[in-house]
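Work through the exercises below with the sequence and the model open. Each task is followed by a solution in steps.

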Amino acid sequence: MEKVTRRIQKFNETRLPAMIQEKYKVMATDLYKFYRGTNHLFYEDLKKSGKVFQSPLAWICGDLHLENFGSFKSDNRLVYFDLNDFDEALLAPAIFEVVRMVTSIFVAFESLRIEQKKAINMAQLFLKTYSSILEKGKPNYIEPRVAKGIVCQFLVNASKRKTKDILKKKARVKNKKIMLLNTPKHLKLPPALKKELFNHIAGWLKNDGGSPYNYIPIDAAFRVAGTGSLGQIRYIILLKSSNGTGEKYLLLDMKEATPPSLLPYVRIKQPQWNTNAERIITIQQRMQNRPPALLSATVFKKMPFVIEELQPTEDSINFNLIKKDYRNIYQVIDDMAMLTASSQLRSSGEQGSSITDELKEFGAKKDWQEKVLTYAIHYVSQIKTDYINFLRDYKKGVLKNHQK
């Protein structure tokens with residue numbers, strides 16, 4: 001077995017064995033999905049490299065890449081485009097977020113067979129815009145009225161989707177009752193577990209101030225979704241309005257909250273969170289301009305979970321569809337850089353993160369940008385080697401012996 005495969009197995013050993021096989025299958029698909037599923041390798045290697053990237057401390061999402069930006073509807077029912085995955089969020093050097101993101105540009109473009117010259121141009125654009133926004137010291141945001149280009153069209157299309165659109169894909173009517181579809185992405189729950197989950201959600205609906213009023217749970221399933229998070233416990237829950245004014249439905253995503261994978265490689269004292277779910281939503285609320293609807297932390301069967309509405313507006317930019325449109329790619333990368341810097345400015349000066357003036361000073365410096373670019377370009381070679389070795393073991397069936 002290859003060394004990298006052992007590292008991957010060790011990291012995933014506490015996750016659900018059946019779901020880990022699904023994760024490995026997804027990771028074997030292409031280089032970019034492998035990169036998405038191995039955040040722990042990235043930060044372990046960054047620490048071992050001895051590269052010192054000096055920067056102020058900031059709240060970071062901890063796993064920033066091209067597909068961790070997307071659309072969602074907030075409680076004010078407006079659709080936003082922003083960073084949208086905070087499972088790995090913690091306090092760290094601001095530049096950690098940037099190195100991970102810039103590397104993702106090179107990996108994604110490699111997978112999409114876009115020439116390296118364009119990848120370098122886009123990485124340089126990201127670094128330039130990120131620095132410029134930091135230097136200005138004023139965070140910004142994106143919603144349909146201020147969006148430009150492909151992101152504007154993306155949000156306009158997303159805002160037109162309705163709950164019934166997502167229900168058509170995830171539910172069906174049986175015996176005059178609406179139920180979740182039993183698919184490879186929705187697995188049936190044992191009756192006893194479903195009952196416990198219903199009781200828990202009923203309590204959450206009653207006691208959580210931000211939960212939807214007059215709704216009751218009517219179905220639930222185990223949800224298979226994501227890449228890096230596969231193997232964590234995750235549920236999809238169907239709610240129905242009980243106010244008697246017509247049939248209205250909501251879908252909830254309830255995801256196990258685990259410690260951030262880069263924590264062992266960050267020598268910075270973190271706040272004492274009650275649970276990892278509290279960590280995730282607190283940092284998310286700090287970094288986003290507006291959080292997703294129904295964002296909440298809960299504890300079920302002594303395990304922390306993050307709850308949020310599963311929306312028809314949730315989506316990420318499909319670079320495969322725009323890879324031949326340089327102007328659209330430029331606009332998207334520029335927006336992502338702005339949002340990354342804005343998230344750090346928005347959460348500055350909180351529980352140990354650097355104040356805005358320190359971030360502005362860092363943004364004004366130019367000496368670190370070339371170092372980040374060089375590291376990202378060289379590290380892609382390591383990712384390719386790791387992927388080839390992992391894929392060799394996967395095809396041999398070595399990973400099927402993985403046990404919890």
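## Exercise 1: the two cavities

Task: sort the residues lining the largest cavity by class, then describe the space and its lining.

Solution. By class, the lining comprises five nonpolar, three polar and two charged residues. Here Ala, Val, Leu, Ile, Met, Phe, Trp, Tyr, Cys and Pro count as nonpolar, Asp, Glu, Lys and Arg as charged, and the others, Gly among them, as polar. This is a predicted model, in which local features need pLDDT of at least 70 and side-chain atom pairs count only at pLDDT 80 or more, while totals for chains, interfaces and linings use all residues. Residues are numbered from 1 along each chain as its sequence is written, and side-chain values use heavy atoms, with hydrogens and water left out.

Step 1. The residues that line the largest cavity are Met19, Phe222, Arg223, Val224, Ala225, Ser229, Leu230, Gly231, Gln232 and Arg234. On a 1 Å grid over the protein atoms alone, a cavity is a set of points where a 1.4 Å probe fits but cannot get out, a pocket is an open set with protein on both sides within 12 Å along at least five of seven lines, and lining residues have an atom within 4 Å of a point.

Step 2. The largest cavity holds about 50 Å³ of space. Grid points are joined across faces, edges and corners, and a volume is the space filled by probe spheres set on the points.

Step 3. The structure has two cavities of 30 Å³ or more. In the second largest there is about 40 Å³ of space, lined by Phe34, Tyr35, Thr38, Leu41, Phe42, Tyr379, Ile383 and Asp386. H3, H4 and H14 are the elements that give two or more residues to this lining, and H14 gives the most, with three. Helices (H or I, at least four residues) and strands (E, at least two) are DSSP runs, numbered from the N terminus.

## Exercise 2: the faces of two helices

Task: find the buried residues of H2 and H8, and say where on each helix they lie.

Solution. Step 1. In H2, residues 17–27, the buried residues are Met19, Ile20, Lys23, Tyr24, Val26 and Met27. Buried means under 20% relative accessible area, exposed over 50%, and partly exposed in between (1.4 Å probe, protein chains only).

Step 2. Viewed down the axis of H2, its buried residues fall within an arc of 160°, so they line one face of the helix. The arc is that of the directions from the helix axis to the C-beta atoms.

Step 3. The cover over the buried residues of H2 includes H1 (3–12), H3 (31–36), S7 (186–187), S8 (215–223) and H14 (367–396).

Step 4. In H8, residues 163–170, Ile166, Leu167 and Lys170 are buried. They span an arc of only 105° around the axis, which puts them on the same side of H8. Lys164, Lys168 and Lys169, on the other side of H8, are exposed.

Step 5. S5 (171–174), S6 (177–180), S7, S9 (234–241) and S10 (249–256) pack against the buried residues of H8.

## Exercise 3: the cores

Task: locate the largest nonpolar core and follow one of its residues.

Solution. Step 1. The largest nonpolar core has 96 residues, and those with the most contacts inside it are Leu66, Phe81, Phe126, Tyr130, Phe319, Ile333 and Met336. Such a core is a set of buried Ala, Val, Leu, Ile, Met, Phe, Trp, Tyr and Cys residues joined through side-chain atoms within 4.5 Å. H5 (residues 94–111) gives the largest share of this core, twelve residues.

Step 2. Leaving aside neighbours within four places in sequence, Leu66 is in contact (heavy atoms within 4.5 Å) with Tyr32, Met101, Ser104, Ile105, Ala108, Phe109, Phe319, Ile333 and Met336.

Step 3. A second, separate core of 26 residues includes Met254, Leu294, Phe300 and Ile307.

## Exercise 4: two loop residues

Task: what do Thr227 and Ser55 touch?

Solution. Step 1. Thr227 is in the loop between S8 and S9 and counts as buried at 5% relative accessibility. Beyond its neighbours within four places in sequence, Thr227 is in contact with Lys23, Val26, Lys33, Arg36 and Gly37.

Step 2. Ser55 lies in the loop between H4 and S1 (57–60) and is buried, with a relative accessible area of 19%. Not counting residues up to four places away in sequence, Ser55 touches Pro93, Ala94, Ile95 and Phe362. The C-alpha atoms of Ser55 and Phe362 are 6.7 Å apart, although 307 residues separate the two along the chain.
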